[in-house]
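Okay, everyone, thanks for coming. I'll put the structure up, and then we'll walk through how its parts fit together.

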Amino acid sequence: MGESKLGFEASLAKDVVDAGRCVGCGACVAVCPYECLTLVEGCPSLVKDCKSCGLCSQACPRYNFSHGKMEKFVFGRTRKTEEPFGIYRRLVIAQATDEKTRRVSQDGGVATTLLAYAMEKGYIDIAVVAGVSEEKPFYPIPKFASNLREILECAGTKYTCSPNTLLLAEAGKEVAEVAFVGTPCQIQAVRKMQAAGLTRHTGGLNFVIGLMCSRCFTYEGLMESYIHGEKGVDLSEVKKMNIKGKLLVTTASGVIEMPLAEIKRFHEESCACCGDFSSELADISVGGLGLDGWTLTVIRTKKGEELFSGAEQAGFLLSEPLDEEAKANNLLVRLSEKKRKNAIR
Ligand SMILES: Cc1cc2nc3c(=O)[nH]c(=O)nc-3n(C[C@H](O)[C@H](O)[C@H](O)COP(=O)(O)OP(=O)(O)OC[C@H]3O[C@@H](n4cnc5c(N)ncnc54)[C@H](O)[C@@H]3O)c2cc1C
Ligand code: SF4
Ligand code: SF4
Ligand code: SF4
């Protein structure tokens, strides 16, 4: 039996889930044509007999994933050693010109603005983003945003896993132009699906916007045990969370600072196998990197350049080139190298 026809038990269950490497992206669930899988506590589990079609292992970013192969697929070449945060065309800091967008967004509101611009121009019909649950405060859930109001409602970072890739099953059913926002592991899943020719799920994808990511946290640990349990914050009062050398939790009463050393114990363990900090396979990557009110933006592909330049020229975004000596640039290089080096294979 060829590797591509391995069933779930012989591939992902054994080498990814049981090995503690599953990042809960949901790609396997999204592509299973027989709807055999569901996510249970962040990992896929069989709910029906597997037909051993092999599609789930073709989509999984933690199963036989070759970064070099994916770079060739996206950029036509592999990264050189002097490209520590991956292949790119332009590196800038940028921010939304719209004050309301900046207010609701995480850093400079670049991700949100690119989606808003793409939708206004008719380049996309829907964006796959992370919203929050109505039942559990600040609990992320994948969402389709199909208008500006919904895009704005989903702005801002949730530091726990939102399996946005799950929605590609639905996106494929709609005849729609789609933008996808996700963490580096999710961007890897999307590229693997595209490279495998899973066009039913990715055929409508126009833009892939990748977030920078050091690690994500468990909801139970970070939100319930720590912020609520230890710090006494009512989670329904939390308006924003950010990490800038410390964890900053904003409520109606102000910003509460919490030391990063106290939250490390709530990291998702499977993130230890992740070597991509800056979403190296995205069209455009965005991160905060200690900046205040600006998003560090790495424009990587031709598609990404067209989208970003269009938004700049239309007055949606302001940008400034980033000096190679700038602190944020050094941090980007350092975090990218450290994450690649320390990833447990
Ligand atoms: C888990 C996580 C860890 C991160 N770690 C770092 C880091 O270490 N260093 C760093 O510089 N930047 C990190 N970021 C990125 C940073 O927080 C901002 O998302 C980025 O700077 C873009 O800012 P913005 O104002 O342009 O984004 P916005 O305009 O606010 O848009 C953010 C977009 O991300 C989507 N989103 C929010 N949370 C999630 C999620 N959990 N999964 C998928 N999509 C989501 C939103 O729906 C929205 O579309 C992290 C993001 C996440 C989700
Ligand atoms: S995609 Fe579904 S049917 Fe195919 S191998 Fe995976 S679980 Fe089995
Ligand atoms: S595709 Fe994602 S959710 Fe499925 S096993 Fe792989 S990492 Fe886990
Ligand atoms: S550290 Fe890696 S695996 Fe964990 S959420 Fe971020 S991109 Fe995904």
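So, let's start right at the boundary: between domain 2 and domain 3, the rule picks up one salt bridge. Keep in mind that this is a predicted model. The bridge joins the side chains of D107 and K244, with 2.8 Å from N to O. Looking at what domain 2 presents to domain 3, we have six nonpolar residues, seven polar ones and two charged ones.

What about polar contacts across that interface of domain 2 and domain 3, how many residue pairs are there? Ten, with both partners at pLDDT 80 or more.

Now, the area. Putting domain 2 and domain 3 together buries about 1300 Å², and 56% of that sits on carbon and sulfur atoms.

Let me back up and show where these domains are. The assignment splits the chain into domain 1 at 3-59, domain 2 at 67-216 + 267-342, and domain 3 at 219-265. So you can find both bridge partners on the screen: D107 and K244. As for the contact between domains 2 and 3, domain 2 contributes 15 residues and domain 3 contributes 16 residues. Their C-alpha centres are 24 Å apart.

Last bit, the whole chain. Count along it and you get 13 helices and 13 strands. The radius of gyration comes out at 19 Å, close to the 20 Å from the globule rule for 345 residues, so the chain is as compact as a globular protein of that length. If you want the dimensions, the C-alpha trace spans about 55 × 45 × 40 Å along its principal axes.

That's it from me.

Technical notes
Residues numbered from 1 in each chain as written. Chains lettered and ligands numbered in written order. Predicted model: local features only at pLDDT ≥ 70, side-chain atom pairs only at ≥ 80, totals over all residues. Heavy atoms only, no water. Domains from an automatic or database assignment. Contact = heavy atoms within 4.5 Å. Buried area = accessible area lost by both parts, 1.4 Å probe. Salt bridge = Lys/Arg side-chain N within 4 Å of Asp/Glu carboxyl O. Polar contact = N/O pair within 3.5 Å; in protein donor to acceptor, adjacent residues only side chain to side chain. Nonpolar A, V, L, I, M, F, W, Y, C, P; charged D, E, K, R; others polar. Helix = DSSP H or I, 4+ residues; strand = E, 2+ residues; numbered from the N terminus. Rg over C-alpha atoms; globule rule 2.2 N^0.38 Å.
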